Amino acid sequence: MDVYFDNAATTPLYPEVIKTVTNSLSQYYGNPSSTHAWGRKARSAIETARKEIASLVNAAPQEIIFNSGGTEGINAIFYSALKDLRAERIITSKIEHHAVLHSLPKDNPQIQIDFVNLLNDGSIDLDSLESLLSTSKKKTLVSLMHVNNEIGNILDIDKVGALCLHYGALFHSDAVQSVGKLAIDVKLSQITFLTASAHKFHGPKGVGFMYLKKNSGLKSFILGGSQERGIRAGTEPVHNILGMSSALKLCHDHLDDNHQYISKLKNHFFEGLVDIFEKPQINGICRNSKNSLPNICNVTLPMDEGKAQLLSFKLDLNGIACSHGSACQSGAGTGSHVLKQINNKSKYYHPSLRFSFSKFNTIKEIDYVLEVLKQISRN
């Protein structure tokens with residue numbers, strides 16, 4: 001059996017999305033910037049998709065900017081916030097995606113960088129955030145991800161947004177893991193900037209969107225034409241944009257059902273792990289159904305070093321796809337920067353794996369993976 005449990009890395013496309021993308025390649029091949037009928041047809045399709053996506057996050061259509069995905073969006077927001085909006089300070093955490101951490105201007109002494117404290121389970125310490133916000137009047141960009149991509153912890157973006165509003169800070173949330181899985185209201189959460197990638201919610205790769213709050217003042221990161229209201233130059237990939245809109249609409253239409261179904265998969269997996277391993281360590285708050293995403297399960301397994309070194313190899317041989325929670329067991333030596341922050345040293349070097357589920361997975365697949373893990377642990 002082949003089992004794909006790496007949905008936090010990327011997801012398979014909905015069949016309906018494949019159909020939408022395929023049809024649009026022949027129907028909307030005109031350049032959306034052209035004024036002739038073919039161009040107008042493509043432009044109309046894009047603007048319909050923009051309105052659809054905007055409605056799903058409670059934004060105005062003009063606040064949605066299409067791009068290549070989360071990494072580009074994060075880079076663009078950081079670049080312009082510092083250059084054009086004159087932000088002098090960044091508050092973030094040490095467990096953000098590398099697209100955020102590598103965008104920090106560490107070589108610029110004029111920009112103050114502060115890291116919010118973490119609780120023992122990897123959650124953001126909101127008291128620490130408020131303390132940091134209250135200690136300086138510098139123009140500040142707060143960048144905290146909605147759902148952590150490794151451990152699945154959900155950030156209370158409503159509370160963060162309220163704090164940022166109170167202290168006059170800009171608030172960016174990397175919502176790559178949450179868009180399409182959780183309901184998001186950018187107005188209610190007082191978000192200034194949000195980034196998303198379609199391939200995380202059963203859409204095509206190479207396309208995403210930014211939410212830029214009206215009159216935020218953010219300017220172009222990629223220079224060229226005047227596409228995307230002058231914010232993001234380059235001819236829009238109509239087929240990908242329509243596929244993204246279709247995928248997000250499907251996710252929202254089945255949001256509650258998907259959440260309940262995937263939660264059952266996750267609970268069944270945890271129950272099986274406990275039967276196999278006496279004390280599997282749960283990284284983050286994966287067992288907390290209220291404050292963690294049901295799609296992500298990150299565990300450290302009590303195995304000796306010899307078995308740990310072969311674990312990912314044996315899973316792959318058995319047709320099972322998952323991700324390393326820590327790369328140390330594969331000889332990379334650097335390990336997960338997220339687990340390094342929340343686990344003590346002895347646990348950090350044990351084999352950690354991230355299993356991530358989607359609506360396309362089944363209980364039968366969970367049972368198969370559990371059986372393989374049982375065989376590996378006993379041989």
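**Entry 1: the second largest cavity**

I began with the lining of the second largest cavity, which by class comes to four nonpolar, five polar and two charged residues. The model I am reading is a predicted one, and I keep that in mind for every value noted below. For the volume of this second largest cavity I have about 80 Å³. The residues that I listed along its wall are His259, Ser263, Lys266, Asn267, Phe270, Cys286, Arg287, Ser289, Ser292, Leu293 and Pro294.

**Entry 2: the largest cavity**

I then asked how many cavities of 30 Å³ or more the structure holds. The count I found is three, and the largest cavity takes up about 170 Å³ of space. I noted 19 residues in the lining of the largest cavity, and those nearest its centre are Gly180, Lys181, His202, Ile262 and Asn295. Which element supplies the largest share of this lining? I found that α8 does, with four residues. By class I recorded eight nonpolar, eight polar and three charged residues in the lining of the largest cavity.

**Entry 3: the largest pocket**

Turning from cavities to pockets, I looked up the largest pocket, whose volume is about 590 Å³. Its lining is made of 31 residues, and nearest to the centre I found Ile154, Leu155, Asp156, Ile157 and Asn291. Helix α6, which covers residues 157–167, gives the most to the lining of the largest pocket, although its contribution is three residues. I sorted the lining of the largest pocket into 15 nonpolar, nine polar and seven charged residues.

**Entry 4: the second largest pocket**

For the second largest pocket I noted a volume of about 220 Å³. This pocket is lined by 21 residues, and I wrote down Thr71, His97, Val176, Ser197 and Lys200 as the closest to its centre. Helix α3 (residues 70–83) provides the largest share of the lining of the second largest pocket, with four residues. The classes in the lining of the second largest pocket are seven nonpolar, ten polar and four charged.

**Entry 5: α8 against α12**

Since α8 had come up in the lining of the largest cavity, I went on to its packing with another helix. Two packed helices are described by the angle between their axes and the distance between the axes, and I looked up both values. Helix α8 (residues 255–276) packs with helix α12 (residues 363–378) at an angle of about 20°, and their axes are 10 Å apart. Why do I call α8 and α12 roughly parallel to each other? I do so because angles under 35 degrees count as roughly parallel, and theirs is about 20°. The crossing of these two helices, α8 and α12, is right-handed. On the α8 side I listed Lys264, Leu265, His268, Phe269, Gly272, Leu273 and Ile276, and on the α12 side Ile363, Ile366, Asp367, Val369, Leu370, Leu373, Lys374 and Ser377, as the residues that make the contact. Sorted by class, the contact of α8 with α12 has nine nonpolar, three polar and three charged residues.

**Entry 6: α5 against α6**

Because α6 had appeared in the largest pocket, I checked its packing as well. The axes of helix α5 (residues 126–134) and α6 come within 10 Å and cross at roughly 15°, and α5 and α6 are therefore roughly parallel to each other. In this pair too I recorded a right-handed crossing, in which α5 passes α6. Leu126, Leu129, Glu130, Leu133 and Ser134 of α5 meet Lys159, Val160, Leu163, Cys164 and Tyr167 of α6. I divided the residues of the contact of α5 with α6 into seven nonpolar, one polar and two charged.

Note on methods:
Residues numbered from 1 in each chain as written. Predicted model: local features only at pLDDT ≥ 70, side-chain atom pairs only at ≥ 80, totals over all residues. Heavy atoms only, no water. Axes fitted to C-alpha atoms, helices over the stretch in contact; angles between N-to-C directions. Left-handed = near helix turned anticlockwise from the far one by under 90°. Contact = heavy atoms within 4.5 Å. Nonpolar A, V, L, I, M, F, W, Y, C, P; charged D, E, K, R; others polar. 1 Å grid on protein atoms, 1.4 Å probe; cavity = no way out; pocket = protein on both sides within 12 Å on 5 of 7 lines; lining within 4 Å. Points joined across faces, edges and corners; volume = space filled by probe spheres on them. Parallel < 35°, antiparallel > 145°, perpendicular 65-115°, else oblique.
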